[in-house]
Amino acid sequence: MFREIVRPSLTVFVALTVLCGVVYPLLVTGAAQIAFHDKAEGSFIVDKDGKAVGSTLIGQPFTEAKYFWERPSATLPSPYNASASSGSNLGPTNPALVDSVRARVEAVKATSTDKEKPVPIDLVTASASGLDPHISLAAAEYQVARVAKARSMTEEAVMQAVARHTLDRTFGLLGEPCVNVLELNLDLETSSH
């Protein structure tokens, strides 16, 4: 009985463990390192001193008026916590979601120079991962006046920075143009000094 049932089961278990737990992960990691080295290493942005200041793949909390703000993050216990990637899991009819979006709209409008201008949706709603480092072009344009005023720059100069960091649609047709907020804010930091 042992040889007929247990031994083949253990053999399959060990073989699948080695195949799925060692061989496959090594192959996928190796392929990622070769094909997408920057992304596989975390896409870190390094400052002039060689210190990592962030990743182009994970958002960061910017709250000062001189910075472009990212999408809100739903990760807990702190925003943009990569180890707790998730959305809020609140449905569109949940009163808590409605209340939080209303509060965010009012907070964003309070910083705007044009109180009648509609707030882009991605400035008041979290992404599914809670880590999204990008905002729409409309969300970036909405913030230009505030950032320009806080940095004592012209709106045209800030808009040029936005244009430098605008990513086109994938393959020219998928998604919408977007802006990487960390890269844009770092550009503004170096250009305004």
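S152 counts as exposed, with a relative accessibility of 71%. This residue sits in the loop between α4 and α5, and its phi is near 55°, a positive value in a residue other than glycine. Keep in mind throughout that this is a predicted model.

How much should you trust it? The protein averages a pLDDT of 86, and 92% of the residues score at least 70. Broken down by element, helix α2 (residues 37-40) comes out with the lowest mean pLDDT, 65, while α5 has the highest, 95. Where pLDDT is low, the predicted coordinates should not be read in detail.

**The α4/α5 pair**

Back to the two helices on either side of S152. Helix α4 covers residues 137-151 and helix α5 covers residues 155-164; they pack at an angle of about 145°, and their axes are 9 Å apart. The crossing is right-handed. On the α4 side, the residues involved are L137, A140, E141, V144, A145, V147 and A148, and they meet E155, V158, M159 and V162 in α5. Sorted by type, the residues of this contact are nine nonpolar, no polar and two charged.

A157 also belongs to α5. Is A157 buried, partly exposed or exposed? A157 is partly exposed, because its relative accessible area is 25% and the partly exposed class lies between 20% and 50%.

**The sheet and the helix across it**

Next up is an open sheet of three strands, ordered β3-β5-β4 with antiparallel pairing. The edges are taken by β3 (134-136) and β4 (166-167); each has a single partner strand, so one side of each is left without a neighbour in the sheet. Strands of a sheet pair through backbone hydrogen bonds, either parallel or antiparallel. Here, β4 and strand β5 (residues 178-180) pair in the antiparallel sense over two bridges, and T166 stands opposite V179 in β5.

The loop between β4 and β5 holds F171. Its phi is near 55°, again a positive value in a residue other than glycine, and F171 counts as exposed at 73% relative accessibility. Going from F171 to A157 takes 14 residues in sequence, and the C-alpha to C-alpha separation is 28 Å.

What lies across β3 and β5? Helix α6 does, running at about 60° to β5. That helix spans residues 181-191 and includes N185. N185 counts as buried because its relative accessibility is 1%, and buried means under 20%. Not counting residues up to four places away in sequence, N185 touches F62, Y67, F68 and R151.

**A serine in the β2-α3 loop**

S73 lies in the loop between β2 (52-55) and α3 (95-111). Despite the loop setting, S73 counts as buried, at 17% relative accessibility. Leaving aside neighbours within four places in sequence, S73 is in contact with P79, Y80, A126 and G130. S86 is 13 residues from S73 along the chain, and their C-alpha atoms are separated by 8.8 Å.

**Accessibility side by side**

Here are the residues discussed above, with their classes.

| Residue | Relative accessibility | Class |
|---|---|---|
| N185 | 1% | buried |
| S73 | 17% | buried |
| A157 | 25% | partly exposed |
| S152 | 71% | exposed |
| F171 | 73% | exposed |

Methods. Residues are numbered from 1 along each chain as its sequence is written. This is a predicted model: local features need pLDDT of at least 70, side-chain atom pairs count only at pLDDT 80 or more; totals for chains, interfaces and linings use all residues. Side-chain values use heavy atoms; hydrogens and water are left out. Axes are lines fitted to C-alpha atoms, for helices over the stretch in contact, and angles run from 0 to 180 degrees between N-to-C directions. Helices (H or I, at least four residues) and strands (E, at least two) are DSSP runs, numbered from the N terminus. A crossing is left-handed if the near helix is turned anticlockwise from the far one by less than a right angle, and right-handed if clockwise. Contact means heavy atoms within 4.5 Å. Ala, Val, Leu, Ile, Met, Phe, Trp, Tyr, Cys and Pro count as nonpolar, Asp, Glu, Lys and Arg as charged, and the others, Gly among them, as polar. Buried means under 20% relative accessible area, exposed over 50%, partly exposed in between (1.4 Å probe, protein chains only). Two strands pair if DSSP finds at least two bridges between them. pLDDT is the predictor's confidence in each residue, from 0 to 100.
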